[in-house]
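Here are my comments on the model you sent, set out as numbered points. Please read them beside the coordinates.

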2 protein chains.
Amino acid sequence: MNIAVLGTGMVGQAIAGRLHDLGHSVVVGTRDPRATLARTEPDQMGNPPFSAWHGAHTGVELATFADAAARAELVVNASSGSATLEVLQQAGADNLAGKVLVDVANPLDFSAGFPPTLSVKDTDSLGEQVQRAFPQARVVKALNTLNASLMVDPRSLGQSSTVFVSGEDADAKAAVVDLLESFGHDDVIDLGGLETARGTEMLLPIWLRLMGALGTAQFNFKVVR
Amino acid sequence: MNIAVLGTGMVGQAIAGRLHDLGHSVVVGTRDPRATLARTEPDQMGNPPFSAWHGAHTGVELATFADAAARAELVVNASSGSATLEVLQQAGADNLAGKVLVDVANPLDFSAGFPPTLSVKDTDSLGEQVQRAFPQARVVKALNTLNASLMVDPRSLGQSSTVFVSGEDADAKAAVVDLLESFGHDDVIDLGGLETARGTEMLLPIWLRLMGALGTAQFNFKVVR
């Protein structure tokens, strides 16, 4: 499948790399490809620059958000939550119309330090904001409840764990479930409509505190039933 | 141990019954014991009245919130989140001072229908509100992330699942962990200070939506790591 991954951070890299390894044609979208490739410093989190990752993944193309989205059948929003709506504006409503848009972002607000709070919650969600802003996109909230490496390789935990999908379009959700299963996810719960993204986004506060208590981000929730 | 359970609903009944079965001396607290026992109608959720439960659990005493708390070494707040601060006022700050206060409640706001929203979240929690209102109580947030029957009998799931404790007082948390283990919990994660109750209370939105998607409340989260 032709897939655009919008965002060059750890999440974008993990998803783009995995999709490429699985045989998809992947274009990573960024604001300014030349500027992204010119960066040689680690990011604010100390992660290596995108150019280092890209050197090891030459089969993945880098393009503007709009070019990446235009050529894709399925688009993954892997930008930060605070940038998401602007990134998708740059991708362009016309380039998203009719396409499955997998929203992986969380509306984290770091303005008051760590742990971040949520800029939207409880009575709304980032997933719903995206759907309202791009009504012709087929938005599916998914993969926003675990870290980048487990998103694409859940089997590394050695035990089954759970991921969730939320969305209004049953066919779009089915396509995303197929992708998740191709990553190794063996327990995908369809929570229902996009309103249920409020639930998965509000998992972040305990996720962040568990990361602190456990001293690792290599964990995930399993819904035992 | 002498334990007060404040609240006569499903959560209070489950916890009081289990503690009594484990050999503790249990007093259930209510606003007006005579009125509570006089009620013969099911509650708003269709559950049998407290008097029916009490008839089958004659070893558990019923008293006012204040009498129950006064005689207890450990107090469990099993009232609804919207009533919690008033219930604890009735129990009395002096009767709570120095005691372990297990806060099981969630700040659910049903005023806009189902699913409820949270009346406090993200930058504060009900657990922290309770601690600020009763600074001499040793508040431990626990058991607010699963349904009443699983709170006291997690082994009925057939697989290990996780519960959490949050609080400022290490000895109080240790006492609560002992109680949880006596209920059958085999994976208790200490998240840290009471601020982490924001995380467990914000699990409720996905818990409620999972109940809808799965068609049952007989599930719990396991933190796979």
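The points below take up the conventions, the contact between the chains, and two residues of chain A.

1. This is a predicted model, in which local features need pLDDT of at least 70 and side-chain atom pairs count only at pLDDT 80 or more, while totals for chains, interfaces and linings use all residues. Residues are numbered from 1 along each chain as its sequence is written, chains are lettered from A in the order in which they are written, and side-chain values use heavy atoms, with hydrogens and water left out.

2. Chain A and chain B each bring 35 residues to the contact, where contact means heavy atoms within 4.5 Å. About 2,900 Å² is buried between the two chains, and carbon and sulfur atoms give 70% of that area; buried area is the accessible area (1.4 Å probe) that two parts lose on being put together, summed over both.

3. Between chain A and chain B there are 4 salt bridges, a salt bridge being a side-chain nitrogen of Lys or Arg within 4 Å of a carboxyl oxygen of Asp or Glu. One salt bridge joins the side chains of A:R209 and B:E195, with an N to O distance of 2.5 Å.

4. Several elements of chain A, among them β10 (188-192) and β11 (220-224), each supply at least two residues of the side that touches chain B, and the largest share, 6 residues, comes from α11(A). Helices (H or I, at least four residues) and strands (E, at least two) are DSSP runs, numbered from the N terminus.

5. Strand β11(A) runs antiparallel to β11 (residues 220-224) of chain B and is joined to that strand by 5 bridges. Within this pairing (DSSP must find at least two bridges between two strands), A:V224 stands opposite B:N220.

6. Is A:N147 buried or exposed? This residue, found in the loop between β8 (138-142) and α8 (148-152) of chain A, is buried because its relative accessible area is 15%, and buried means under 20%, exposed over 50% and partly exposed in between (1.4 Å probe, protein chains only). Leaving aside neighbours within four places in sequence, A:N147 is in contact with A:W207, A:A217 and A:Q218.

7. Residue A:E181, which lies in helix α9 (residues 170-183) of chain A, counts as partly exposed because its relative accessibility is 44%. Its C-alpha atom is separated by 15 Å from that of A:S149, and the two residues are 32 residues apart along the chain.
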